[in-house]
Amino acid sequence: MTSTVPSPLLELDGAVQSDGIDAGVAAHYGSPNAEQRKLLAGTAVVDLSHRGVLSITGPDRLTWLNSMSSQELRGLTPGQSTETLLLDPAGRLEYAIALVDDGVESWLLVEAAELPGLQAWLDRMRFTLRVQVVDHTLAYATIGTMAADPDAVSLTPASPNGVPLVWVDPWTEVAPGGWQYAAETSHPGATWHWNEVLIPRSALPALRDAVSANTVSAAGLLALEALRIAAWRPRGALDADDRTIPHELDWLRTAVHLDKGCYRGQETIAKVHNLGHPPRRLVLLHLDGSDAVLPAHGDEVQGDRFVAGAEPERRTVGSITSSAIHYELGPIALAVIKRTVPGSVTLHVLSQGISITAGQEVIVPESAGSVAEIPRLPRLGVRAPRG
């Protein structure tokens, strides 16, 4: 059962509530750009108390989750964080899960809208295994921060089994068994030091009071989204659709272990990575802000098609998945486009009846995939040279 009660932090001065999938928490508190700076400095918290919290108990929990999802989970130690994906049989993304295990329970941090479906699916998959799935959303709230020490931002993590429940985002580097399609140098994820802390939901009023007393600062989701987009960090609820495979979002980087055993969707993961190419790819767009229009999720992205002797013809090549105003970069967005669109092509975003020029920053390159070195067979009728 997910929480539908607005957060106490919405009572803070200047708080403006988010809408859509993020309803119930603040979009900002009056100054999104300043909130980004405070968040980066590690002095602010982000209210994510609208998110869902599940736990899985029982001695079979890690081997059970490992058998169904994309990440290697059997060796998790108490307090260790990771993320994993549940895929359909064709390798398409169904659920993205942030996970921390405390030695007794595995804690799953998920989007609120996805929790009921995920919980129902997990319950159906228990069979005779010694596991139990529990919804803890009404007992625990998620708070995000870039502070290395939760105490520094007035957060005392819940620890029902003696281990503080802090999920450390693995996006700062390629996880063991993972693979990065983005260029090896200067990946912005290296500076993405993001943590999500579970606190008792009853502690939210005290956190609100700490912000009111200037003990800690609050940043809204607009600030978080701007920094996330700049770090090329995918968010399944926004950047994925019903056709998404992890390769398209460079999610093999932290959420997929390429050397683990069988799980649902693994055949697609292996085939595309070793022998094929993902049909689409994630890009960061630097948007022309002249018209003061920020594209919305789902807005059409077009590219120019050049034909000899004719004017360039624009065609639809993808769509916007996330967008924000970054305090340094200005208007930016993540978009998923056709893989074959050259990285040098200037794109155009159609939003509110306006065409917005957008420069690409390649995240997943056109060459992504086909990493296996398979020797080419000689063509029929061609004899190999004699030694």
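The lining of the second largest pocket is a good place to start: its residues divide into 6 nonpolar, 8 polar and 3 charged. Keep in mind as you look around that this is a predicted model. The second largest pocket holds about 360 Å³ of space. It is lined by 17 residues, and if you want to find its centre, look for Gln80, Ser81, Thr82, Ala175 and Pro176, which lie nearest to that point.

Now turn to the largest pocket, where about 550 Å³ of space lies. Which residues are closest to its centre? Of the 23 residues that line this pocket, they are Asp19, Asp22, Leu222, Glu225 and Ser323. Three elements each give two or more residues to the lining: α1 (32-40), α5 and β15 (313-326). Of these, β15 gives the most, with 5 residues. Sorted by class, the lining of the largest pocket has 12 nonpolar, 7 polar and 4 charged residues.

Next, let us move to the enclosed space. How many cavities of 30 Å³ or more does the count give? The count comes to 1 cavity. The largest cavity has a volume of about 380 Å³. Its lining is made of 24 residues, and those closest to the centre are Arg51, Glu111, Glu196, Pro234 and Arg235. The elements that give two or more residues to this lining are β6 (93-101), β7, α5 (221-230) and α6 (236-239). You have met α5 already, as one of the elements lining the largest pocket. By class, the cavity lining divides into 13 nonpolar, 1 polar and 10 charged residues.

Glu196, one of the residues closest to the centre of the cavity, leads us to the strands. In β11, Glu196 is the bridge partner of Trp167. Strand β11 covers residues 195-200, and 5 of its 6 residues are buried, so you can think of the strand as mostly covered. Two other strands pair with β11 in the antiparallel sense: β10 (residues 166-168) over 3 bridges, and β9 over 6 bridges. Where β9 meets β11, Tyr140 stands opposite Pro200.

Tyr140 brings us to the aromatic rings. A search of the whole structure finds 2 aromatic pairs. In one of them, Trp107 and Tyr140 meet edge-to-face, with 5.4 Å from centre to centre and 85 degrees between the planes. This pair links distant parts of the chain: Trp107 belongs to strand β7 (residues 105-110) and Tyr140 to strand β9 (residues 140-145), 33 residues apart. Are these two residues buried or exposed? Both Trp107 and Tyr140 are buried.

Why does the pair of Trp192 and Trp194 count as stacked? Their ring centres are 5.7 Å apart and their planes stand at 25 degrees, so the pair is stacked. Trp192 and Trp194 are both buried.

One last ring is worth finding on your way out. Look at Trp171, where Arg253 lies over the face of the ring, at 4.7 Å from the ring centre.

Definitions and conventions:
Residues are numbered from 1 along each chain as its sequence is written. This is a predicted model: local features need pLDDT of at least 70, side-chain atom pairs count only at pLDDT 80 or more; totals for chains, interfaces and linings use all residues. Side-chain values use heavy atoms; hydrogens and water are left out. Rings of Phe, Tyr and Trp (its six-membered ring) pair if their centres lie within 6.5 Å; planes under 30 degrees apart count as stacked, over 60 as edge-to-face and the rest as tilted. Helices (H or I, at least four residues) and strands (E, at least two) are DSSP runs, numbered from the N terminus. Buried means under 20% relative accessible area, exposed over 50%, partly exposed in between (1.4 Å probe, protein chains only). A charge sits over a ring if NZ of Lys or CZ of Arg is within 6 Å of the ring centre and within 35 degrees of the ring normal. On a 1 Å grid over the protein atoms alone, a cavity is a set of points where a 1.4 Å probe fits but cannot get out, and a pocket is an open set with protein on both sides within 12 Å along at least five of seven lines; lining residues have an atom within 4 Å of a point. Grid points are joined across faces, edges and corners, and a volume is the space filled by probe spheres set on the points. Ala, Val, Leu, Ile, Met, Phe, Trp, Tyr, Cys and Pro count as nonpolar, Asp, Glu, Lys and Arg as charged, and the others, Gly among them, as polar. Two strands pair if DSSP finds at least two bridges between them.
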